[in-house]
Amino acid sequence: MSDVILELRGITKIFPHPEKPVIANDHVSLTLRKGEIHALVGENGTGKSTLMNILYGILQPEEGEILLNGERKTFKNPRDAIAEGIGMVHQHFMLIPSFTVAENLVFAFEPKKGMFVDKKKAAEIAREISGRYKLHIDPDKKISECSLSMQQRVEILKILFHGAEILIFDEPTAVLTPQESEELFKAFEELKKAGKSIIFITHKLREVMHIADRATVMRKGRVVDTVEISRSSMEDLAEKMVGRRIDVTTRKIANSDFPPEKERESVLTLEHVSSGVTPSGEQLKDISLKLCKGDILGVAGVGGNGQGLLVEAVNGLLRNIKDGAIAYEGQDITHSQAYNVRRLGIAHITGERYIRGVSADSSIHENMMMGPHRRSPWSGKVFLHVKKLRELTGSLIRTFDIKTSSPDACIMELSGGNIQKCILAREINLAHDLIVAEEPTRGVDIGSIEFIHQQLVDKAKAGYGVLLVSTDLDEVLSLSTRVVVMYEGEIMGEVNPELPDARSRIGRLMAGVQAS
Amino acid sequence: MLEIIFSEHTLMTGLSLATPLLLCALGGAVCSKAGNFNIALEGFMLIGAFFGVVGSYYLHSAFAGVLTAVLAAVLASLLYGLFLIQLKGHEVILGFGFNMFAIAITGWLLGPVFGGKGSFYDPATPSLEKINIPLLQDIPVLRTLSGHNIIVYLSWLAIAVLFILLYKTALGYKIRALGENPKALSVNGLSTVKYRYLVEMIVGVACGLAGAFLSIGNLSMFTENMTAGRGFIAVAAVGFSNAYIPLTALASILFGIANAVAIQLQGVGMPTEFVDMIPYAMTILMLLPAIRQNQKKAYN
Amino acid sequence: MKNELKQSILRLLIALLIGLLVSSVFILFAGENPLAAYATMLKGAFMGQLKFMTTLRWTVPYMLAGIASAVAVRAGLFNMGLEGCIYLGGLAAGLVGAYVDGLPPLLHVAACLAAAMAVGMLWLLIPAFLKAYHGVNEVIMTWMLSYIAVLLCQFLAAKFQRSEDITSAVQQVRTPEILGSAALPKIVERYQLSVGIFIAIAVCIVYYFFANRSRAGYEHKMVGLNSKFAEYGGVNVRRVQFCSLLASGAIGGLTGAVEVLGVHGRYVHGFALDMGANGIMISLMGRLNPVGVPLAGFFMGAVQNGARAMAREMDVSLDTVRILIAVIVICITAEGLYELLRIKKKNREGD
Amino acid sequence: GTGTTSGGSASAGSGSASQSGENQKDPADYKVAVLTIRKMTTPADLNTLEGIERLRDEMGIDCKIVECVEIAEYKEQMQAVCEENYDVVYFIYDNFLEAAKELAPLYPETLFIGLWIDLGEDNDIPNLKPLHFRSEQGAFMCGVAAALKTETDQVAFLGGGINPGIVTFLAGYEAGIKYINPDCELVVSWANTFDDPLKGKELASSLYSRGVDVIFQAANQTGLGVFEAAKEAGKYAIGVDVDQSDLAPENIISSCLLDHGFATYDSISKAYNGEFTNEQVYYGLAEGIPVIALNEDLLDEETLTTIKEVEQKIIDGEIEIPKTTETK
Ligand SMILES: Nc1ncnc2c1ncn2[C@@H]1O[C@H](COP(=O)(O)OP(=O)(O)OP(=O)(O)O)[C@@H](O)[C@H]1O
Ligand SMILES: Nc1ncnc2c1ncn2[C@@H]1O[C@H](COP(=O)(O)OP(=O)(O)OP(=O)(O)O)[C@@H](O)[C@H]1O
Ligand SMILES: [Mg+2]
Ligand SMILES: [Mg+2]
């Protein structure tokens, strides 16, 4: 047995709450070996992040101890943890948007020349360290102009710069595309070779199987088991997590369920749509699409290739459409604003969950009312029908099995998966016959993923058109009736997901290789 | 008429009127960078003004007056910090509250400290000397930069110092990070509380100097509410410039000069009300270029 | 809702308590007994017809200005130009009240109020438009416009000042008295409280229904909390911002009009000293809440009036009163104080 | 009650019968309220405070000062004192006049005394006594002094704000200047604030820099800045309300006096002694009240004699002084 570098023993964390305290960690124990990649998995809200925050000194446990190389340590704040060689990349990045990459990298540990920060030295450090771990960054770029994956690389380099031996990653791949995840895993291997130990949290079991040496499964604040990946399977892990068997990858929809496309009405058509360039350099180029009722049209592609703009264009959030036409059920909506589009009954499950998807300071009820608040029977011309709206929220919470104490709880008290379910419930309820689903399962545990997928499939079967935009190829393949691939703002081609070699075909299109 | 308005005298007056604005606005800009929209500048300045006279009168030295002014204003700003940072008050209401408190407490203290009411004016109170800059004072136009008291020069120095502090030093990085993403500090093991108090201290020093300028820099007196809304104009300058120090400084100085022009326009036949509107109207005009900028942002 | 009310009141009481504690130092210094002074204060706010009427009389503009500000803040905008709107509204009402002749009473009052609201609204038209459609910072813009409005009112009022007013040593600029038909009748002839209180209550009720029951009110709130969410959810964010600033201006104008028609009987320059700032403060003290804002308005009215009585009847200076009010204002949003107290209580219950 | 005018019987100007000492209240029980329109901070207000102190020291009467900062307070504060059974309500400035006219009939037991109230002959309220300063006289004489003192033939007036009270100063001052030297230029400047000394200083130094050498300030705290500017520029200034020459002995040539303290002491002590009438009282030269304080160190013999002559002419009614002017 290789030597243990870190041991957590009997960690207990209780969050005070006026009514009922939350036991986030209940006597959790975990060991990390030197040079291993250790996955931490579990449903939303089981206390994974909490445990890692304790390890990193952000939170203090009520009980339990941390042993580093066999020695007892207490971390009063992250600085203590950093000093002991622990680094953490958080679920939400902790970078400063107006600073450059190099400045962020050295933040709080700046090299100095006299009294001043030595920016040149900082850039040098950035270059050197990025070369050493083969993680590409551009030291002089501002963070606000960097892609998410670049930001993540900055975060990783930052903790390496701090001299971390143990690296903690909280859902590093949630915001990354499969390609970017692949790059990240290459970096993991690189780090492993350099003798670093890694703990990473994820909801994607495929990744666990692919990269991890061992995995610890948590459920409801407790550790269920720690397994050697080589002696385990995905189904096995899933069962340990959720407590029941889950069907992880198989296709959920069959094209044969639907009449041929020609016989079906189209809901959404895009003709030669082009847009101006956004500050981040994205653009739509001559997009033509047709979505029929009953279709789930998957849009695959590496993130940042214009899928986001496509969704915005359909939903009236994109202001700079230069050319082309978008029609919904024959009605032109090219230059309509969101408030016009929304009235037509287009549902939009947004990918920007915390930016657009919810009002963070409001209750679940208030978040669920957005949309119904202007529709009969939940609202009149001027006044809301308060009782009906409450009934609606109640019934949505029940049908979508949203775990909450009350509809008046603040939405941010929910775990990520439940917040996503709220958005989903609201939008599916609003849809007339078109659902635009953008990354519907990002950061959501597998139990919830299954549920969400089922909802989308059910809706398609009920005759809704679904536009599914996702960077998760598994998701696109298992749900779509048709798949198009976007690359640099263009549609590279269409692939039938039922073909046996669909995955590799899509992969080639995603890389910008035109289908022959 | 034009030569009266655009004379060296106007420039000189403008620089003098700009000084309290400039100092407060610089302090406010640092606060704003650190994520605190501070509208209590007026109150800190008033407290500074009062204690400036106290120090100068009782310690018989204008310099001691400046020190007491700064000390008192820093205490006030730390108290503000306590309510903002640890007691989690609403910054706008706290600002209103501290401004009210400053007027009240200085008004009240006039009694026990000076035995007077409403104002304290004793010609024996030392005030700051004017300092001439040897070579400068002989060059036309530029000589308006000479012949001010030490606080004026300090305020100009503060532009550079604060700019360098914010953009070149490690401390400045932390202050700016505080405004953009305070969590970035805590995950790096830094205490946000400490830096937030530090920022309040900086604004306290700046406003204390501004207050001292009003009471013993230019006048050697204290009258109730003598800041007369200058702190609010400073807040406007901060907002207008997005707390970018060079722009903040420019806006404050322009304000001062606009005020000086307005003063020169007195007695030219324009109704006073309209003369007094000039600085405010000017601010609005300065905001208008933002329209096109924002349009570009939205539609590009 | 009941809970909300309870919390609001508790917060006000905590702030009041601390304010009283701090100011008792100053009262002791003046050689008075703080307890006696506070008893006077309480009596001064509520005991006797005059005192209670005066408290209510102040509640009216505080409530109205508070709601004027709340309407904007709920949509995420600060109307720092409230004071300007109040002055302009007052002037408009004063002029229509004095110069438009021959209207029956009810109509005349309505005309004055309409004119005031229109002027208040128009004054904010440009900043509202620039904010909503061009993203220009509304705080600075309305703030500067407020200064301009006050100066403009001074100038205009002086133009309308009658010469017989000028011959005496008046210290104020004021327009002629409004006609009898434009006056808001007093509730009790000799006291200042007018039927304007019903206007204020009506506005509160409208605000209640707007905020808690109406589609537009819900949209306003969401725009204020997260405009990106609102936009995505299908709210016409720009229109909401535009309308809310205008509505704030209109209610501001109404505040001025009610003061002029109900209390002063003419436009007197300076009649709404700091009323704009007070309005903003009260709206935040009341947490923009349809129950909280009127409550905060009433609280401020009572504190102000009681404190005045204390200054009048005891040897307590105006400055001490101001310190008291400032401390209350400072403490009222200090969440920390509230938490401190609650946790203490919890601990005690736990023992 | 002590009111001598209870009932409608006491007609205007009847010089009411003084009451004998028997039903005189103990001075400690005699309740007097002094209402002001702002915090008592200006020189004139401090003067009032002196009057109040004199009442306390000499007669044992304690006055309660009620500072009404907001316009809306005027009536309610006055009414509150009435309801609290004050014997005398003394108010300064006619901002209170409307309220007093309304309340006096409602509270006939209370005596109302108003300073700066000019009702002339037509006061039909028995318990309201109007007092008025002839402020234009002092201003006129200051104008004379300024016109004689100036070497540049440019003098200035700096007002805190355009209101009729301040305009009266301006009118008298202007007339005084023109009386001596019709060619002397008068520059008028308004600070539009009464409590910003820095603005006052900058305004004044701007005036001095353009050739003005005497400034008459009527701007309370703002005016204090004028003296600073005068000291710096080595030019002259004229004070207001009280003799301000000790603030800048080298620069202040005279001060236009308004003896609020005298008015306070005089009227309230008379009311206490039962000599209250509702007759109009003017405080001016003819009534033997000083209206100007001269700084004799700065004025030559000739000037002083001219001023003496002018004073006599005013008393004799040979000079008619306007109370308002179009110059602004
Ligand atoms: N600061 C806090 N205050 C109160 N409760 C909290 C706090 N942080 C987390 N919790 C609660 O603790 C529990 C564990 O949360 P945690 O964030 O650790 O879950 P997680 O396993 O990381 O979930 P996810 O997979 O969704 O990220 C949840 O029920 C959460 O609501
Ligand atoms: N920002 C606002 N401020 C005040 N009132 C508003 C605002 N927005 C909408 N309203 C009012 O709310 C009501 C609904 O307006 P809205 O235009 O949002 O409805 P709608 O969804 O378009 O309804 P329909 O499609 O049936 O016309 C109208 O009475 C409108 O005047
Ligand atoms: Mg988590
Ligand atoms: Mg509509």
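## Where chains B and A meet

Chain B and chain A bury about 2,000 Å² between them, with carbon and sulfur atoms giving 61% of that; buried area here is the accessible area (1.4 Å probe) that two parts lose on being put together, summed over both. On the chain B side, B:Tyr173, B:Val187 and B:Asn188 lose the most area to chain A, together 32% of what that side buries. This is a predicted model, where local features need pLDDT of at least 70 and side-chain atom pairs count only at pLDDT 80 or more, while totals for chains, interfaces and linings use all residues. Residues are numbered from 1 along each chain as written, chains are lettered from A and ligands numbered from 1 in written order, and side-chain values use heavy atoms, without hydrogens and water.

Counting contacts (heavy atoms within 4.5 Å), 22 residues of chain B touch 29 residues of chain A.

## A salt bridge across the interface

There's one salt bridge between the two chains: B:Lys174 pairs up with A:Glu110, their closest N and O atoms being 3.6 Å apart. The term means a side-chain nitrogen of Lys or Arg within 4 Å of a carboxyl oxygen of Asp or Glu.

## Around ligand 1

Now for the ligand. Of the 15 residues around ligand 1, A:Asn44, A:Gly45, A:Lys48, A:Ser49 and A:Thr50 come nearest; a residue is near if one of its heavy atoms lies within 4 Å. A backbone N or O atom of A:Gly45 sits 2.8 Å from a ligand 1 oxygen atom. As for A:His203, an N or O atom in its side chain is 3.0 Å from an oxygen atom of ligand 1.

Note on methods: A polar contact is a pair of N or O atoms within 3.5 Å; within protein, one must be able to donate a hydrogen and the other to accept it, and residues adjacent in sequence count only if both atoms are side-chain atoms.
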